[in-house]
Amino acid sequence: MGEMNDRLRIAIQKNGRMAEGSIDLLKRCGLHISYGRNDLYCRVNELPVDLLLARDDDIPNFVQTGICEFGIVGDNVRREYALKNNLGDEPAAVMPLNFASCRLMIAAPENGHQMTLRELNGKRIATSHPGLLKEFLERNNMEAKIVSMRGSVELAPRLKLAEAICDLVSTGATLAANGLAPVTQVFTSGAVLIRTPGTLPAAKQAIYDRLAQRLQGALTAEQSKYIMLNAPKASVKAISALLPGCDAPTVIPLEGRDDMVALHAVCTKTVFWDMMERLKAAGASGILVVPIEKMMA
């Protein structure tokens, strides 16, 4: 029992897109997972961390009540739990994790007419996020009857349960397949790391600090690229200013060339084709952009 109490506990979703993203992120942190016999509990091999595999809407409760110190969950689930239980903004989100991005949208049948938000005043809106929808309606001085549903929300207008829906949207394909068109955005969500209230014991805080450093490194590396290029000496300043998210590149002499140098830089912003075209127009040549596997500040 003492050994378990010394290990950090993190709740993650048992299956689905959020589960896949959570496991993938931990693997990118250099962590390997040993699964238990019942598939509800597993261990991280490299750090004293236990993972509890749970339903997404159970995770905020596990974290808030201290069953787990941390959890990975959609920010929409975290916020809905806080609203339902009058907890302010608890459990707190401590780190956005840059996956499972989606939007909570109000949508309505197209019927040849693009419905406006005001037209939904006094109408029925079906949703699995009644707290977030209620907060949005109050903020916009609107009154509508909220019809709570656990799933298949997009079917509500067809079943005459509601005139509109409020549901999570990632690509919009499900809305289109059900003859629905977006009306307005209610909430922007994505995976976040949440933590239990209060102060952690020193040993668990130390474990979290190590894990957080790896998480930040993996997330930064995912968004970063390493750029190598050749440039005329006279163009170094202009080319350096174009490099996205770069403080200062490394300038390296080229053997046998007094007029040219090589520039190496870590760019923490996306490098698009138009950026490479601007670099080339400024005098850069031999431009190479490669991914970064790991980073640590």
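How many strands form the open sheet, and in what order? Let's look at this predicted model one close-up at a time.

**View 1. The open sheet, strand by strand.** Seven strands make up this open sheet, and their order is 2-3-4-1-5-12-6. The pairing is mixed. At the edges sit strand 2 (33-35) and strand 6 (92-96), and each of these pairs on one side only. Going from one strand to the next, the twist averages 30 degrees. A handy reminder: strands of a sheet pair through backbone hydrogen bonds, either parallel or antiparallel.

**View 2. Strand 6 meets strand 12.** Here we zoom in on strand 6 and strand 12 (residues 191-195), which run antiparallel and are joined by four bridges. Look for A93: standing opposite this residue is I194 in strand 12.

**View 3. Two helices lying across strands.** Helix 4 lies across strand 5, strand 6 and strand 12, and runs at about 105 degrees to strand 5. Helix 7 (residues 202-223) lies across strand 1 (8-13), strand 4 (49-54), strand 5, strand 6 and strand 12. To strand 6, helix 7 runs at about 40 degrees.

**View 4. Inside the largest pocket.** About 1,200 Å³ of space lies in here. The pocket is lined by 43 residues, and D56, N76, S128, H129 and L168 are the closest to its centre. Who supplies the lining? Among the elements that each give at least two residues are helix 2 (17-28), strand 5 (70-74) and strand 10 (164-169). Helix 4 (75-84) provides the largest share, with five residues. Sorted by type, the lining has 15 nonpolar, 18 polar and ten charged residues.

Notes
Residues are numbered from 1 along each chain as its sequence is written. This is a predicted model: local features need pLDDT of at least 70, side-chain atom pairs count only at pLDDT 80 or more; totals for chains, interfaces and linings use all residues. Side-chain values use heavy atoms; hydrogens and water are left out. On a 1 Å grid over the protein atoms alone, a cavity is a set of points where a 1.4 Å probe fits but cannot get out, and a pocket is an open set with protein on both sides within 12 Å along at least five of seven lines; lining residues have an atom within 4 Å of a point. Grid points are joined across faces, edges and corners, and a volume is the space filled by probe spheres set on the points. Ala, Val, Leu, Ile, Met, Phe, Trp, Tyr, Cys and Pro count as nonpolar, Asp, Glu, Lys and Arg as charged, and the others, Gly among them, as polar. Two strands pair if DSSP finds at least two bridges between them. Axes are lines fitted to C-alpha atoms, for helices over the stretch in contact, and angles run from 0 to 180 degrees between N-to-C directions. Contact means heavy atoms within 4.5 Å.
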